[in-house]
Amino acid sequence: MASHLPEAMYNLNQSHQGMLSEVKDYSSLQLDAIGIGPGIGRNKKTEKIVEEILKQQVTLVLDADALFHVKLHLQKVQKRNFPTILTPHPGEMASLLDLSIKEVESDRFGKSREFAQTYGVYLVLKGPFTIVTTPSGEQFVNSSGNPALAKGGSGDVLTGMILGSVLQYENVQKALSNAVFIHGAIADQLVAFTHSTLDVLATDIIEGISPLLHELYREKEYSTGY
């Protein structure tokens, strides 16, 4: 990865059979926020890594395999004093709640609000009209996006976009809503001009970030005069 992304800073982490295997002193890395989950694996060692990450006094974004592990440590999540953001799709949300996907989908607003308020987290329940819920129970519905995002990898891209966004805003809810909107708007533009819903890949979404941000900032300049 380092040879393909020369601009990326990285800290080596040992792995075993394709899964992370080293629990680090994460506090020594002096990070402002941490995103964890996509591709880390599901075993006792990766569970320990997630458990250690939960102790860090920074904003956390938990997705994918981290959601699998965090289900066993929700009391630790509840006690955290820094923003904790969970980004489940309906299947992951069902697992967190020990419910069926059908039960989650039949009450997306209610289940999201109850979970967010109970554990004091920001919850991004992905899917058509993604719902962002704050720890106080406020909810915001995203209007962008299309079925092109229903592919492996697109949620991982959203995790990275959310992580980048929360580092730019003091207001976590605005950071989440903007990241979710931009993620969906990129897919909308791709399908409108160059792709079909069948062939949009995660890398296409990444490559669409800069053009869309350029367009949005140009619109802001025209509307405000600066």
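Here are some short exercises, each with a worked solution, on the predicted model shown above.

**Exercise 1. A salt bridge inside one helix**

Task: Work out where E47 and K44 sit relative to each other, and whether each is buried or exposed.

Solution:
- Start with the contact: the side chains of E47 and K44 form a salt bridge, with N to O at 3.8 Å. That falls inside the 4 Å cut-off.
- Next, place them. Both belong to helix 1 (residues 44-53) and are three residues apart, about one turn of the helix.
- The spacing fits a general rule: an α-helix has 3.6 residues a turn, so residues three or four places apart point the same way.
- Now check the burial. E47 has 13% relative accessibility, so E47 counts as buried. K44, at 69%, is exposed.

**Exercise 2. Salt bridges across the sequence**

Task: Find out which parts of the chain the pairs E51–K76 and K126–D63 tie together.

Solution:
- Take E51 and K76 to begin with: their side chains meet in a salt bridge of 3.4 Å, N to O. E51 is in helix 1 and K76 in helix 3 (residues 74-79), so this pair links parts that are 25 residues apart in sequence.
- Look at the two ends. E51 is buried at 18% relative accessibility, while K76 is partly exposed at 35%.
- Then turn to K126 and D63, whose side chains also make a salt bridge, 3.4 Å from N to O. K126 is in the loop between strand 6 (122-125) and strand 7 (131-133), and D63 is in the loop between strand 4 (59-62) and helix 2 (65-70), so the pair ties together parts that are 63 residues apart in sequence.
- Both K126 and D63 are buried.
- For the full tally, the model has nine salt bridges.

**Exercise 3. How helix 1 is covered**

Task: Say how many residues of helix 1 are buried, and what they pack against.

Solution:
- Count them: seven of the 10 residues in helix 1 are buried, so the helix is mostly covered.
- Name them: T46, E47, I49, V50, E51, E52 and I53.
- Find the neighbours. These buried residues pack against strand 2 (19-20), strand 3 (33-36), strand 4, helix 2 and helix 3.
- Zoom in on I53. Beyond its neighbours within four places in sequence, I53 is in contact with Y26, I34, I36, L60 and R80.
- Finally, go to the start of the helix, where a side-chain oxygen of N43 comes to within 3.0 Å of the backbone nitrogen of K45.

**Exercise 4. Reading the sheet**

Task: Give the strand order of the open sheet, then follow its pairing from strand 4 to strand 7.

Solution:
- Write down the order: six strands, 3-4-5-6-7-8, with mixed pairing. Strand 3 and strand 8 (139-141) are the edges, each pairing on one side only. From one strand to the next, the twist averages 15 degrees.
- Strand 4 and strand 5 (residues 84-86) are parallel, over three bridges, and L62 stands opposite L86.
- Strand 5 and strand 6 are parallel too, over two bridges. Here I85 stands opposite Y122.
- Strand 6 and strand 7 run antiparallel, joined by three bridges, and L125 has I131 as its bridge partner.
- Check the hairpin of strand 6 and strand 7: it has five residues between the strands, and G127 takes a positive phi near 135 degrees.
- Add burial for strand 6. Both faces are covered, with Y122 and V124 buried on one side and L123 and L125 on the other.

**Exercise 5. The nonpolar cores**

Task: Identify which residues have the most contacts inside the largest nonpolar core, and which elements supply it.

Solution:
- Begin with the general tendency: in soluble globular proteins, nonpolar side chains tend to be buried together.
- The largest core has 27 residues, and I36, I53, L62, V70, L86, F115 and V121 have the most contacts inside it.
- The elements giving two or more residues to this core are strand 3, helix 1, strand 4, helix 2, helix 3, helix 4 (90-97), helix 6 (108-119) and strand 6.
- Don't stop there: a second, separate core has 13 residues, including V61, V124, I162 and V172.

**Exercise 6. A buried aspartate**

Task: Describe the surroundings of D65.

Solution:
- D65 is in helix 2, and at 14% relative accessibility it counts as buried.
- Leaving out residues up to four places away in sequence, D65 touches G37, G39, I40, G41 and R42.
- With G41 there is a polar link: a polar atom of the D65 side chain lies 2.8 Å from the backbone nitrogen of G41.

Technical notes:
Residues numbered from 1 in each chain as written. Predicted model: local features only at pLDDT ≥ 70, side-chain atom pairs only at ≥ 80, totals over all residues. Heavy atoms only, no water. Helix = DSSP H or I, 4+ residues; strand = E, 2+ residues; numbered from the N terminus. Buried < 20%, exposed > 50% of the residue type's maximum accessible area, 1.4 Å probe, protein only. Contact = heavy atoms within 4.5 Å. Polar contact = N/O pair within 3.5 Å; in protein donor to acceptor, adjacent residues only side chain to side chain. Pairing = 2+ DSSP bridges. Axes fitted to C-alpha atoms, helices over the stretch in contact; angles between N-to-C directions. Core = buried A, V, L, I, M, F, W, Y, C linked by side-chain atoms within 4.5 Å.
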